[in-house]
Amino acid sequence: MLGHRRVLALMLAVAGLATLSGCTPAPSSAEGGFGLPRLPAAESAGIATDTERLEGALQVGPNGCFLLAIPGDSAAAAHGTWIVWPETAEQDGAAVVLADGTRLGDGDALTGAGEVVGLEALPDGMSDSSYFGSFGRFCGADERRVLVLTSVTAD
């Protein structure tokens with residue numbers, strides 16, 4: 001009987017390690033859920049190849065997603081476009097903290113450089129089980145697309 005317990009314990013340990021190894025990028029220990037979606041500069045530059053200056057109002061959706069209401073884009077203005085932030089941005093509850101310490105919350109104006117792309121442009125964006133694929137769908141990016149910011153400032 002002892003042999004069966006050891007086999008079961010080993011199987012549970014292996015399953016736990018396999019699950020943990022597939023959970024990247026992990027949110028910081030101070031965050032719950034998905035964390036703030038961010039990309040390193042080189043990766044975001046490879047995705048947002050036709051960057052433009054964008055202005056809008058930050059929205060924090062009822063589900064906690066950070067969105068940008070972009071004037072002139074009817075779907076994005078009404079419901080917001082999901083934002084993938086530069087790697088220097090941090091989440092602090094319902095606020096985003098920029099590299100210079102500026103805090104942005106619901107309704108704050110921001111200006112950024114980036115590009116609105118389809119969810120498929122993100123790493124594994126089409127996979128329901130990937131970080132960007134599952135988080136993006138949760139935030140409506142499969143319908144309203146994704147804003148990949150390469151830089152951002154508060155207005």
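A disulfide (a pair of cysteine sulfur atoms within 2.5 Å) is formed by Cys-65 and Cys-139, with the sulfur atoms 1.9 Å apart. A search of the whole predicted structure returned 1 such link. The link joins distant parts of the chain, 74 residues apart: Cys-65 occupies the loop between strand E2 (52-60) and strand E3 (66-69), and Cys-139 the loop between helix H4 (131-138) and helix H5 (141-144). Helices (H or I, at least four residues) and strands (E, at least two) are DSSP runs, numbered from the N terminus. The angle about the S-S bond is -75°, and the link of Cys-65 and Cys-139 is left-handed. Both cysteines are buried, that is, under 20% relative accessible area, with exposed being over 50% and partly exposed in between (1.4 Å probe, protein chains only).

The model is a predicted one, in which local features need pLDDT of at least 70 and side-chain atom pairs count only at pLDDT 80 or more, whereas totals for chains, interfaces and linings use all residues. Residues are numbered from 1 along each chain as its sequence is written, and side-chain values use heavy atoms, with hydrogens and water left out.

The largest nonpolar core (a set of buried Ala, Val, Leu, Ile, Met, Phe, Trp, Tyr and Cys residues joined through side-chain atoms within 4.5 Å) contains 17 residues, of which Leu-39, Trp-82, Val-84, Leu-122, Phe-132, Val-146 and Val-148 touch the most other members. At least two residues of this core come from each of strand E4 (81-86), H4 and strand E9 (146-154). The most are given by H4, with 3 residues. Another core, of 16 residues, lies apart from it and includes Phe-66, Leu-68, Leu-104 and Val-152. Contact denotes heavy atoms within 4.5 Å. Beyond four places in sequence, the residues touched by Leu-39 include Ile-47, Val-84, Leu-122, Phe-132 and Val-148.

Strand pairing (at least two bridges found by DSSP between two strands) involves E9 with both E4 and E8. E4 and E9 are parallel, with 3 bridges, and Val-84 is placed opposite Val-148 of E9. E8 and E9 run antiparallel and are joined by 8 bridges; Val-116 has Leu-147 of E9 as its bridge partner.

Strand E8 (residues 109-117) also contains Thr-111. This residue counts as buried because its relative accessibility is 7%. Outside its neighbours within four places in sequence, Thr-111 makes contact with Arg-53, Leu-54, Glu-55, Ser-151, Val-152, Thr-153 and Asp-155.
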